[in-house]
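Open the model in your viewer and keep the selection tool at hand. We will go from the whole chain to single strands and then to single residues.

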Amino acid sequence: MIYPFHNKSPNIASTAFIADYVTITGDVEIGDESSIWFNTVIRGDVAPTIIGKKVNVQDNSVLHQSPHNPLILEDEVTVGHQVILHSCIIRKKALIGMGSIILDGAEIGEGAFIGAGSLVPQGKKIPPNTLAFGRPAKVVRELTAEDIEDMERISREYAEKGQYYKSLQEK
């Protein structure tokens, strides 16, 4: 379901895939070839949510904000199943592992990998191209070439899968 909130309505690229049972409200922008998967909720009723191109937000995730503190996902970000993102910045090509929580003012660096089940507290900065894991998340190492290749594969496969499902919706 797509809902306006007061005078703001979601702006969703025509090439984006929005799965069944997704709810998107208010001041939300979703870029080209992004995919928002089943049962996800994106509420732009407090501050803007800006989602770039070829971003995938997987099943059962929740995206929201605090007043005057937008949520920003740059291009080619992967957000795993059941992730909570709240007024944070996720830089391009980063991957947020399943079940993670990223809180207000946190910033995940370009190409960083947040391990499944992690908690990134308010204001925490995760450097680019690192693996961070835990509750609270701590950087454990630099990413390997294999890590980066796997992250790129996941992003690519979700972009392709989203376009496949989008073609089914258009029939």
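On this tour, two residues are in contact when heavy atoms of theirs lie within 4.5 Å. One more thing before you click: this is a predicted model.

**Stop 1: the whole chain**

Show the chain as a cartoon. You should find one helix and 20 strands. The radius of gyration is 15 Å, and the globule rule gives 16 Å for 171 residues, so the chain is as compact as a globular protein of that length. Along the principal axes, the C-alpha trace spans about 45 × 35 × 20 Å.

Now switch on a surface. The chain exposes about 8,300 Å², with 53% of that area supplied by carbon and sulfur atoms. As for the interior, 44% of the 171 residues count as buried. If you compute a contact map, look at the pairs at least 6 apart in sequence: 10% of those contacts join residues at least 24 apart.

Colour by charge next. There are 17 positive and 22 negative side chains, and the centres of these two sets lie 3 Å apart.

**Stop 2: strand E6 and its partners**

Select residues 41-51, which form strand E6. Which strand pairs with E6 over seven bridges? That is E4, residues 23-30, and the pairing is parallel. To see one matched position, pick Gly-26, which stands opposite Gly-44 in E6.

Add residues 62-64, strand E8, which pairs with E6 in the parallel sense over two bridges. Here Val-41 has Val-62 in E8 as its bridge partner. Then add residues 71-73, strand E9, also parallel to E6 and joined to it by three bridges. Label Thr-49 and Leu-71 to see a bridge pair between E6 and E9.

**Stop 3: an open sheet of eight strands**

Now select the strands in the order E3-E5-E7-E10-E13-E16-E19-E20, which make up an open sheet with mixed pairing. Why does one side of E3 and of E20 have no neighbour in the sheet? Strand E3 (17-18) and strand E20 (137-142) stand at the edges, each with a single partner strand, so one side of each is left without a neighbour.

Zoom in on the E20 edge. Strand E19 (residues 130-134) runs antiparallel to E20, and five bridges join the two. Leu-131 stands opposite Arg-141 in E20.

**Stop 4: Val-57**

Go back to the eight-stranded sheet and pick strand E7, residues 56-57, where Val-57 lies. Is Val-57 buried or exposed? Val-57 has a relative accessible area of 0%, so this residue counts as buried. Show the side chains around it: leaving out residues up to four places away in sequence, Val-57 touches Ser-35, Ile-36, Trp-37, Thr-40, Leu-63, Leu-73 and Val-79. For a distance check, draw a line from the C-alpha atom of Val-57 to that of Gly-105, 48 residues apart along the chain; the separation is 19 Å.

**Stop 5: Lys-124**

Finish in the loop between strand E17 (119-120) and strand E18 (125-126), where you will find Lys-124. Lys-124 counts as partly exposed because its relative accessibility is 31%. Apart from neighbours within four places in sequence, Lys-124 is in contact with Gly-105, Ala-106, Glu-107 and Ala-137. Lastly, select Asp-104: its C-alpha atom is separated by 8.9 Å from that of Lys-124, with the two residues 20 apart along the chain.

Methods. Residues are numbered from 1 along each chain as its sequence is written. This is a predicted model: local features need pLDDT of at least 70, side-chain atom pairs count only at pLDDT 80 or more; totals for chains, interfaces and linings use all residues. Side-chain values use heavy atoms; hydrogens and water are left out. Two strands pair if DSSP finds at least two bridges between them. Helices (H or I, at least four residues) and strands (E, at least two) are DSSP runs, numbered from the N terminus. The radius of gyration is taken over C-alpha atoms; the globule rule is 2.2 Å times the number of residues to the power 0.38. Buried means under 20% relative accessible area, exposed over 50%, partly exposed in between (1.4 Å probe, protein chains only). Accessible areas come from the Shrake-Rupley method with a 1.4 Å probe; for residues, only the protein chains shown count as cover. Lys and Arg count as positive and Asp and Glu as negative; His and the chain ends are not counted. The place of a charge is taken as NZ of Lys, CZ of Arg, CG of Asp or CD of Glu.
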